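Here are my notes for your read-through, one topic per point. Keep the structure open beside them and look up each residue as you go.

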Amino acid sequence: MRLAPALTRTCAGAVAALLAGGLLSAPTTASAEPQRTPSRDTGLSRHVDPLIGSANGGNTYPGAVRPFGMLSWSPTTTKGDQTDTGAANGYAYDTPRVRGFSLTHVNGAGCAPGAAGDVPIMPIVGDVTSSPTADSSDEVYASDFSHDDETARAGRYTVGLANGATADLTATTRAGVGDFTFPRGRAANLLFRTSNSLNGSEDADIEIDARTRTVTGSVLTGGFCGRRATGNGSNRVSYYRLHFVARFDRAFASVGTWEDDRLMPGATTASGGEGYLTGADRKGRGSGGWVGFDTRRSGDVGMRVGISYTSLDGARRNLAAETTRRSTVDGVARDARRAWDRALSSIEVDGGGADRRTAFYTALYHAYLQPNISNDVDGRYLGSDRRVHRLQRGQRAQYGNFSGWDQYRAHTQLLALLEPQVAGDFAQSLYNLARQNGGVWDRWVHVNGPTHVMTGDPSAPTLAGFHALGVRNFDVDGAYDSLVRQATVPNPAGLSESGCPGQCVGQRPNLAEYLRLHYAPQDDCRCWGGAAETLEDSLADHSLATWGERLGRRGTAARMAERATWWRNTFNPRATPTAGYQQPLDADGSWVTPFDPASDVGFAQGSSATYTWMVPQDVSGLAALMGGRATAAARLDGFFRRPDGSWITGGDPLGYDPTNEPGIHTPWLYNALGQPWKTQETVRAMADLVYGTGPEGLPGNDDLGTMSAWYVFASLGIYPQEPSRAEMLLSSPVFTRATVHRGNGRDVTIRAPRASADHVYVSSMRVDGRRSTRSWLPASVLLRGGTVDVALSTRPDRGFGTAPRDLPVDR
């Protein structure tokens, strides 16, 4: 996506002490990090560069975080407006000026300024003489820095600021440990900008306790995509309150707070939010506090901070369970590195140069940044109804952050392949949130909050894909029945126009009309584009059909399979004088005109030329409507290449756009069209042209790991045939050997001994020793494990994978 009941203090202290001492187990903590044992001491985290994607609109963040971590401690940079960072998700590589180190982040979301960025903590060298909130242009209480003084590694982030202070940060799952170093003999203060989340806040509070060297507080916020002009409402609403507790290793020399433009030296409490607007409408609003230190003997300040979405006591328990007074940045960072080594060892590769390994393992790292743990160590979490709930029986963790429209196309399949336990808990998490949301499965969940962003019903292909890849540790029947109900029984939310077109609240918008017409009418769809909604819902219905077949729900599967063909109703074979395209229809059955395949009318963040290919579940049917496989392949040639033969890598609405999700599957469509060598060369070309190392190493928004997951699959030489199935389409491996450890004891090994920059084309393949001429891998290889041997050559083999019996099978 382009664009983003508490325990008493006494009881809480006792529980925290037991957790910290190991006398009380916290099983949910273990599920936050992969527990596999690498086949060797891999040290794979050394290949990770968290700065990849921090420029060129990748919207990644470079700070300290664990796999699936709740807390991510990372800088918030500023372009001179405290109410608008100018950098989605807090950090822009080309803006080396920081105004704080925030405790929460979302990887790669669009919809600037992204999401979260809660509680920026800023080291200041000098006295606090005016309200930091009044410093709306970030001239006083911010600092430049040089990238030469910045080090980002998996699990640790360090930077030296131009003001003389240094921040050295690391993280556990729910807590952070930081060292701040100030020049000796200079005034030294840490600001807690409690109200200054990226999107703003409704309310915030802070309390400073000098006796216990503790700062506590919270911020009531949300507002993801709240700045998008939709015309029918906005997301300028709160849906979570983040609580924090920070403990220091030394006494405070001074304290103070502020509210709006009022500075209160010596005060220990403050409150007040900023609102969700920008510029003059928010300027000078907000609250926070600071603590100062005597640096005459030492300028080193150590801090531990824990967070929780349920309560302050929850933050205390999390901090006590995951850190101790003896915790150091070096020690916690070492543990974080080991956690990342375990996670990244899910795929072990041989071959490839240093840059390719850096790009690959950083992509895998980005894929492991979400979903994010949202429950406390005691199993409590904040639901979508903003009430505190407990984990379901058998559930090891509750997860938040689901960019469904993006992730279901690549990321969720990779998650199920590598971390089936996490995938199952994530499925249960989404089901929990749906039940708390009146049965509605929201398409974009931020932490716990339904934000309604984008279009379609991505939960159906997500969970169907999980199930196809063997994930079973969730309420399979309950989730399936819930999704089918939302797809078949109109929900009042589906009639709402609130937030439309980009944030329509209905899971299946205007379902009754959709069921009557067999398409989503452009003039009455309550959605973001009638043709796009029809394509998305057809794919979702297909997912429910294939899942239903596996569950033995033959009647439901048959009904959903028939509905899965409705994408044909918005395909106009005479859309232009020379070719058919997807084209929106009005309720009276007339085509929306004038029509231009380069236009996005009827579509969401893409053109008709892109969306016309969005039928991965029925490529043979699409090819037939286009005039046959050869004609469809010729059209696909023009989608990827200019007349001079050069590759289209974005910027042309009639061609391939590798920067956004609706068409990222299209390079693999050649397999079903009988020309798999073109898939091999196209995937390799796109991976090499638009991905790489350095801050500009991603083609666009990472969208919660989706673009990174695409690169992981492309590097392995496989890609999901369609979101709800386990079969994989073959392209061209870039490593001589890659072993995928599925996390359930099954391994898939892909060997391509001649893989290199010029060996792109598949000439033969063996699966578990048996010759195969198919351009795809059966589900059995992914489910039971196996070995795939791929012979690569420098020239296309126009015989491999081209016979009708070797083509991928639509279902």
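1. Let's start with a term: a disulfide is a pair of cysteine sulfur atoms within 2.5 Å. Keep in mind that this is a predicted model. By that rule, the structure holds 3 disulfides. Number the bonded cysteines along the chain and you get the pattern 1-2, 3-4, 5-6.

2. Take Cys111 and Cys225, which are joined with an S to S distance of 1.8 Å. The torsion about their S-S bond is about 125 degrees, so this disulfide is right-handed. Now find the two ends: Cys111 is in the loop between β3 (97-102) and β4 (121-125), while Cys225 is in the loop between β11 (214-222) and β12 (238-248), so the bond ties together parts that are 114 residues apart in sequence. Both cysteines, Cys111 and Cys225, are buried.

3. What about Cys525 and Cys527? Their sulfur atoms are 2.2 Å apart, and they form a disulfide. Here the torsion about the S-S bond is about -105 degrees, so the disulfide is left-handed. Why do they count as buried? The cut-off is under 20% relative accessible area; Cys525 has 6% and Cys527 has 7%. Another disulfide links Cys500 and Cys504, with the sulfur atoms 2.2 Å apart, and both of these cysteines are buried as well.

4. Next, the nonpolar cores. In soluble globular proteins, nonpolar side chains tend to be buried together. In this model the largest nonpolar core has 201 residues, and the members touching the most others are Phe192, Phe248 and Trp710. A second, separate core has 6 residues, among them Leu511, Ala520, Cys525 and Cys527. You'll recognise Cys525 and Cys527 from the disulfide in point 3.

5. Is helix α7 mostly covered or mostly open? Try residues 411-418: the helix is mostly covered, with 8 of its 8 residues buried. They run from His411, Thr412 and Gln413 through Leu414, Leu415 and Ala416 to Leu417 and Leu418.

6. On to the aromatic rings, where the count comes to 33 pairs. One of them is Tyr240 with Tyr309: the ring centres are 5.4 Å apart and the planes sit at 85 degrees, so the pair is edge-to-face. Tyr240 belongs to strand β12 and Tyr309 to the loop between β17 (300-308) and α3 (312-322), so parts 69 residues apart in sequence are tied together. Both Tyr240 and Tyr309 are buried.

7. Phe639 and Tyr656 make another edge-to-face pair, because their planes are at 65 degrees, with the centres 6.2 Å apart. Both of these residues are buried. For a bigger group of rings, look at the cluster that ring pairs build from Trp668, Tyr691, Trp710, Tyr711, Phe713 and Tyr719. Trp710 is also one of the residues with the most contacts in the largest core.

8. Two arginines deserve a click. The charged end of Arg635 sits over the ring of Tyr581, 4.5 Å from the ring centre. Arg641 has its charged end over the ring of Trp647, 3.7 Å from the centre.

9. Last, a sheet. Three strands, in the order β28-β29-β34, form an open antiparallel sheet. Its edge strands are β28 (718-720) and β34 (776-777), each pairing on one side only. Between β28 and β29 (residues 728-730) there are 3 bridges, and Pro720 stands opposite Met728 in β29.

Note on methods
Residues numbered from 1 in each chain as written. Predicted model: local features only at pLDDT ≥ 70, side-chain atom pairs only at ≥ 80, totals over all residues. Heavy atoms only, no water. Buried < 20%, exposed > 50% of the residue type's maximum accessible area, 1.4 Å probe, protein only. Helix = DSSP H or I, 4+ residues; strand = E, 2+ residues; numbered from the N terminus. Core = buried A, V, L, I, M, F, W, Y, C linked by side-chain atoms within 4.5 Å. Pairing = 2+ DSSP bridges. Phe/Tyr/Trp six-rings, centres within 6.5 Å; stacked < 30°, edge-to-face > 60°. Lys NZ or Arg CZ within 6 Å of the ring centre and 35° of its normal.
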